[in-house]
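Biologist: I have a model open and would like to go through how its helices pack. Can you take me through it?

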Amino acid sequence: MKYIVFILFTVMTNAAAQLMLKQGMMSLGSISFEGTNPLLKLLQVVFSPWVFLGLCTFVISMASHLYVLSKVELSFAYPFLSLAYVAVAIFAYFIFREDLNGWRIAGIAFICVGTVLIAQSGRDLGGRGHDEETASLSSDKIQSGIVR
């Protein structure tokens with residue numbers, strides 16, 4: 001549970017990246033590859049300010065996620081990324097005036113409940129971290145290899 005701050009940082013940077021990409025694509029308008037070199041068009045999109053900032057934020061989010069994965073179990077950390085959908089839906093409602101109807105709210109509630117349940121499962125580790133578990137498993141394998 002001590003890595004929850006890093007997990008939530010990953011979630012929020014992931015959500016922020018999505019919002020920046022949306023803003024970038026709205027500022028560019030509808031994309032068409034007709035009558036233009038696709039590579040040049042792609043570069044134009046990638047290097048537009050909001051899209052570029054969003055992609056850079058994704059890199060930060062991924063670096064944070066890699067750090068988290070080095071510390072906690074994947075089956076614990078990965079489901080938290082679903083909270084990015086929650087953040088995106090809420091911020092998109094306020095920033096872009098996107099629809100937030102009853103079905104989406106219900107889905108958001110289910111995501112939140114599921115994430116809380118997964119977070120509670122992290123307390124069952126008894127304070128043992130990923131590194132301690134890995135070291136314990138490795139020493140068990142070494143000992144069982146020596147005995148054979």
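**Helix packing and a surface patch**

Modeller: The axes of α1 and α5 cross at roughly 40° and come within 9 Å. That makes α1 oblique to α5. Keep in mind that this is a predicted model.

Biologist: Which way does α1 pass α5, left-handed or right-handed?

Modeller: The crossing of α1 past α5 is right-handed.

Biologist: Why give an angle and a distance each time?

Modeller: Two packed helices are described by the angle between their axes and by the distance between those axes.

Biologist: OK, what about α1 and α3, what is their angle?

Modeller: Helix α1, residues 4–28, packs with helix α3, residues 49–69, at about 165°. Their axes are 8 Å apart. An angle over 145 degrees counts as roughly antiparallel, so α1 and α3 are roughly antiparallel to each other.

Biologist: And the handedness of that crossing, left or right?

Modeller: α1 passes α3 in a left-handed crossing.

Biologist: What classes of residue are in that contact?

Modeller: The contact of α1 with α3 has 17 nonpolar and 11 polar residues, and no charged ones.

Biologist: Changing topic to the surface. Which residues make the nonpolar patch?

Modeller: M12, I90, F91, Y93, F94 and I95 make a nonpolar surface patch of about 570 Å².

Biologist: Which helix gives the most to that patch?

Modeller: Helix α5, residues 83–95, gives the most, with five residues. Y93, for one, is in helix α5.

Methods. Residues are numbered from 1 along each chain as its sequence is written. This is a predicted model: local features need pLDDT of at least 70, side-chain atom pairs count only at pLDDT 80 or more; totals for chains, interfaces and linings use all residues. Side-chain values use heavy atoms; hydrogens and water are left out. Axes are lines fitted to C-alpha atoms, for helices over the stretch in contact, and angles run from 0 to 180 degrees between N-to-C directions. Helices (H or I, at least four residues) and strands (E, at least two) are DSSP runs, numbered from the N terminus. Angles under 35 degrees count as roughly parallel, over 145 as roughly antiparallel, 65 to 115 as roughly perpendicular and the rest as oblique. A crossing is left-handed if the near helix is turned anticlockwise from the far one by less than a right angle, and right-handed if clockwise. Ala, Val, Leu, Ile, Met, Phe, Trp, Tyr, Cys and Pro count as nonpolar, Asp, Glu, Lys and Arg as charged, and the others, Gly among them, as polar. Patches are made of residues with over 30% relative accessible area and no salt bridge: like charges are joined within 9 Å, nonpolar side chains (Val, Leu, Ile, Met, Phe, Trp, Tyr) within 5 Å. Accessible areas come from the Shrake-Rupley method with a 1.4 Å probe; for residues, only the protein chains shown count as cover. A salt bridge is a side-chain nitrogen of Lys or Arg within 4 Å of a carboxyl oxygen of Asp or Glu.
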